[in-house]
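Please look over the protein below before reading on. This briefing is meant for someone who has not met the structure before, and it takes the topics one at a time.

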Amino acid sequence: MQQPLATLLAYPASEAADERLMGHRGGELPPISAVILAAEKDMAGLDVCIRGVLAHSLNPVELVQVVAQRLPARSFDDLDSRVVWFDERSCAPTSRDVREYLRGLGRDPSTASWYFQQLAKLQCFDALPAGTPEHVLVVDADFVFLRDMVFVDGQGSSVLPYGYPLSWRLNTRVHRLPDHHTALEAAGRLIPGWLPVDAYSGMQHHMVFDRTILGEIIQRAQKAHGIPFWQAFLRTADPCKWTGASEYVLYRHFAARFFPERVRHRHVDAVDVIQAQGHGGFVLPEVAAAAEGSSLHAVGCHRFLHYAERLATMDYIPAGLRRTVCAEPTPLQLRLDGGLLTIRNAVPPLTLA
């Protein structure tokens, strides 16, 4: 019988001291690459995301690889010569491969784009040029850094976000493991011995991947299931959920449990605006402008296909809160402040200071 997650032993992941990791340009820090996956809906704010990485990474950024089906309307020439485009159709697997595999499993193929971008992140080293750094900052294209940040410290340890709590308890910094969480259960099926280490998900629209740790995840999954990693990832995802697995949950807790000497963790104070995909609504440059003068480290502006359906199936949202936000699925702003989660409607004019 499967043991409830809330009863599992969870030890606190080592926390990074903010004063050593933000707003400080002294000392030698390891170089990194950055990978940004961009869908068509992300193009309007893509340059803001890229500029945030280049302006605020205290680690030298050797390369920013944008994975997309096409270049945006204007080129990257006025951004930086380190910014390059990688045609997502050259990824393995492709979005079409994922769609056909899901169909073959008898599952909803409309989730293919969601799983494709997760797999592209988890296999990002395969698409990067030989000789690139051992650490990759993966950033969602609808997220922008606003303050200087270290992503790999002087000892070579990745600095990972705690992210959103695994169970959304509002107006408190005391969080606990939930009895049920789709992403936790999917990761446990994928990797033998995988368990969460604390009550935070690691989901916050970016992650620092260590080549060694990511390689170990892939190797263990392939050994356990006897099939390519991407197929094992899809087979162990929950077929009844739109978000049936999470690359960020998988990676953060695996790294903290099996490679604690190679990672540190911090809270990233941020606001994420979430809304349905479609015309109108907020855009990333607008949200970033609204945060000028604030103490926020980052902001995001996200558009979701099947917005109401996704909210309804997010089992980390307690039932009462889920009923409230699903009753009228309007744009919301989610604020994280040192692990404190608050939610309010996002209405213009947006003010985040």
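The points below go from the overall make-up of the protein to its empty spaces, its aromatic rings and two individual residues.

The model is predicted. The protein has 353 residues, of which 57% count as buried, and its secondary structure comes to eleven helices and twelve strands.

**Overall make-up**

- Among the contacts in the protein with a separation of 6 or more, 78% are between residues that stand 24 or more positions apart.
- The protein exposes a surface of about 14900 Å², and carbon and sulfur atoms supply 52% of that area.

**The largest pocket**

- Rolling a probe the size of a water molecule over the atoms shows where empty space is left.
- The largest pocket holds about 1200 Å³ of space, and of the 48 residues that line this pocket, Lys41, Trp114, Gln117, Phe304 and Arg310 are the closest to its centre.
- Several elements give two or more residues to the lining of the largest pocket, namely helix 3 (112-122), helix 5 (182-190), helix 8 (247-258) and helix 10 (307-313), together with strand 9 (270-276) and strand 10 (298-304).
- Helix 3 gives the most to this lining, with five residues.
- Sorted by class, the lining of the largest pocket has 22 nonpolar residues, while the polar residues come to 13 and the charged residues also to 13.

**The largest cavity**

- How many cavities of 30 Å³ or more are there? The count comes to one, and the largest cavity has a volume of about 50 Å³.
- The residues that line the largest cavity are Ala183, Ala186, Ala187, Leu190, Phe233, Thr236, Ala245, Ser246 and Leu250.
- At least two residues of this lining come from helix 5 and at least two from helix 7 (229-236), and helix 5 gives the most, with four residues.
- The lining of the largest cavity divides into seven nonpolar and two polar residues, with no charged residue in it.

**Aromatic rings**

- A pair of aromatic rings is described by the distance of the centres and the angle of the planes.
- The protein has ten aromatic pairs by count. One of them joins Phe209 and Tyr251, whose ring centres are 4.6 Å apart and whose planes stand at 70°, so the pair is edge-to-face.
- This pair links distant parts of the chain, since Phe209 belongs to strand 7 (residues 206-210) and Tyr251 to helix 8, with their positions 42 residues apart in sequence.
- Are Phe209 and Tyr251 buried or exposed? Phe209 has 0% relative accessibility and therefore counts as buried, and Tyr251, at 0% relative accessibility, counts as buried as well.
- Phe254 and Phe258 form a tilted aromatic pair, with 4.8 Å from centre to centre and 45° between the planes.
- Both Phe254 and Phe258 lie in helix 8, where they are four residues apart, or about one turn of the helix.
- Phe254 counts as buried because its relative accessibility is 0%, whereas Phe258 is partly exposed, with a relative accessible area of 28%.
- Ring pairs also link Tyr115, Phe229 and Phe233 into a cluster, and Phe233 is in addition one of the residues that line the largest cavity.

**Thr243**

- Thr243 is found in the loop between helix 7 and helix 8, and with a relative accessible area of 13% Thr243 is buried.
- Leaving aside residues up to four places away in sequence, Thr243 touches Trp114, Tyr115, Thr182 and Arg310. Trp114 and Arg310 are also among the residues closest to the centre of the largest pocket.

**Leu146**

- Leu146 has its place in the loop between strand 5 (143-145) and strand 6 (158-161), and with a relative accessible area of 24% Leu146 is partly exposed.
- Which residues does Leu146 touch, not counting residues up to four places away in sequence? Leu146 touches His56, Ala288, Ala291, Leu296, His297, Ala298 and Val299.
- Leu146 and Ser294 are 148 residues apart in sequence, and in space the distance between them is 9.4 Å, C-alpha to C-alpha.

Definitions and conventions:
Residues are numbered from 1 along each chain as its sequence is written. This is a predicted model: local features need pLDDT of at least 70, side-chain atom pairs count only at pLDDT 80 or more; totals for chains, interfaces and linings use all residues. Side-chain values use heavy atoms; hydrogens and water are left out. On a 1 Å grid over the protein atoms alone, a cavity is a set of points where a 1.4 Å probe fits but cannot get out, and a pocket is an open set with protein on both sides within 12 Å along at least five of seven lines; lining residues have an atom within 4 Å of a point. Grid points are joined across faces, edges and corners, and a volume is the space filled by probe spheres set on the points. Ala, Val, Leu, Ile, Met, Phe, Trp, Tyr, Cys and Pro count as nonpolar, Asp, Glu, Lys and Arg as charged, and the others, Gly among them, as polar. Buried means under 20% relative accessible area, exposed over 50%, partly exposed in between (1.4 Å probe, protein chains only). Contact means heavy atoms within 4.5 Å. Accessible areas come from the Shrake-Rupley method with a 1.4 Å probe; for residues, only the protein chains shown count as cover. Rings of Phe, Tyr and Trp (its six-membered ring) pair if their centres lie within 6.5 Å; planes under 30 degrees apart count as stacked, over 60 as edge-to-face and the rest as tilted.
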